[in-house]
Amino acid sequence: MAEYIEIVDSIMGSSKTNKILEWIDNNPDEKYLYVSPLLSEIDKDSRLQNNLKYVTFEHPEVVDSETKSDDLLLKLKNNANICCTHKLYLTMTKEHLTEIKARGYCVLIDEEVGVVDAFNAYSVDDLVYLLKNKDIEVSPDDGMISWIGDDVGLKNKYKYFNSLCNSKAVYATKRKDTMMVTQLPIELITCAKRVIILTYLFEGNVLDCFLKLKGIKTIPFTEITPVVVPKQKIRGLVTLVPPSKAVKAVKMTVSGYNNCSQDDCKVVATYIRNVCRKYAESSYDVMYTFPKALSETTRKNGRRIKPSSFIEYKIPKLDEDGLPVINAKGEAELLSQPCWVYASCRATNQYSFKSVLVHCYDRYPNAAVEQYLADYGFAIKRKVFALSEICQWVWRSQIRDGLPIVVAVGSPRMHDIFKEWLDKD
């Protein structure tokens with residue numbers, strides 16, 4: 001069982017992943033579980049499957065009536081080297097964790113995993129009812145919610161909550177009993193022989209604070225040396241565009257967007273469109289971000305952000321061998337892809353051809369998660385969180401290949417945070 005977590009905290013583009021793959025190849029006798037945010041980073045075309053000489057990875061699949069989780073358990077019992085997504089990793093049961101511990105797996109996690117999240121499955125009125133009815137109680141030590149009511153005749157409505165309480169998975173902030181978070185068991189991280197996390201701006205971010213809350217020590221992983229990326233080189237590749245006067249007036253936080261008007265949406269769309277018209281040859285070059293609920297493909301109360309002419313772009317449809325699919329007319333089939341990209345997107349090269357980026361989202365930690373950790377003495381550093389979000393998002397573009405990009409930042413706060421980081425050596 002890991003006594004501490006090892007951290008590779010290094011800037012994007014410093015070859016963390018390539019270096020860790022070399023390290024794996026140089027230590028072929030270990031058993032590995034490699035965890036990535038995206039399936040595309042561990043599939044048959046990925047570096048993990050093609051760049052290793054002495055170690056072969058298998059990824060769980062749906063086999064007959066078995067789920068991916070079932071297949072993962074079988075592969076663990078067979079001592080296979082396994083790669084999987086964050087999503088699958090976070091659903092592991094005690095049976096999975098027992099096998100990882102018993103067989104001495106080394107767990108490698110590419111980017112931080114979401115071990116703590118807001119709990120929104122029930123309304124405040126539901127939670128007030130359960131507290132007043134003394135069905136649940138809050139531990140003064142760590143805020144853990146326990147079900148103390150009678151299970152007999154339990155209303156169907158609260159069965160899910162009851163199961164979470166029995167799993168010791170739901171916790172309340174000190175300041176407000178009805179503001180709750182869910183946590184995954186710390187054994188998910190500590191059960192392995194070694195745990196190595198590849199990330200950037202770890203200290204003061206969510207996972208760092210969570211591990212400190214749980215009393216888990218972290219140390220640098222020193223068996224690889226990432227490439228030094230001079231800030232001067234980065235500055236030479238980035239053309240930073242400030243927010244316009246009009247877009248500065250739009251509140252780009254989650255709550256700001258939730259309460260924004262259609263006129264605000266038009267201002268943001270105009271800012272994005274003006275930047276793209278000035279710097280991009282076509283929508284193929286463009287990526288931008290804001291809350292998904294306001295994107296072209298979804299609607300929320302009739303409001304949406306629609307930068308006309310820059311909604312989507314076309315890419316060739318590929319077959320299983322990675323070759324273009326040709327239709328009956330002898331033409332390559334094309335797929336439409338949105339220019340909108342999730343604000344927390346990381347660890348993928350799917351957008352490595354993008355050269356014009358427009359970031360219109362003022363990023364803060366989730367309020368419930370932030371308040372829970374702060375209440376128990378481990379406050380997230382908001383600036384670190386915001387900087388890690390925008391840096392990871394920007395590095396999905398062609399800058400990861402050493403090519404120039406234009407970055408327009410609509411939020412004055414996010415612009416200043418990114419510019420300060422960019423200007424510092």
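Colleague: Which residues lie nearest the centre of the second largest pocket, and how many line it?

Modeller: In this predicted model, 28 residues line the second largest pocket, and Ser 167, Gln 183, Leu 184, Pro 185 and Glu 187 lie nearest its centre. On a 1 Å grid over the protein atoms alone, a pocket is an open set of points where a 1.4 Å probe fits, with protein on both sides within 12 Å along at least five of seven lines, and lining residues have an atom within 4 Å of a point.

Colleague: What should I know about the numbering and the confidence limits?

Modeller: Residues are numbered from 1 along each chain as its sequence is written. The model is predicted, and local features need pLDDT of at least 70, side-chain atom pairs count only at pLDDT 80 or more, and totals for chains, interfaces and linings use all residues.

Colleague: Which helix gives the most to that second lining?

Modeller: Helix 5 does, with four residues; helices here are DSSP runs of H or I with at least four residues, numbered from the N terminus.

Colleague: And the largest pocket, how much space lies in it?

Modeller: About 1,400 Å³, where a volume is the space filled by probe spheres set on the grid points, joined across faces, edges and corners. Of its 40 lining residues, Tyr 342, Ser 344, Arg 363, Phe 385 and Glu 389 are the closest to the centre.

Colleague: Which element has the largest share there?

Modeller: Helix 15, which spans 382-394, supplies the largest share, three residues.

Notes
Heavy atoms only, no water. Helix = DSSP H or I, 4+ residues; strand = E, 2+ residues; numbered from the N terminus.
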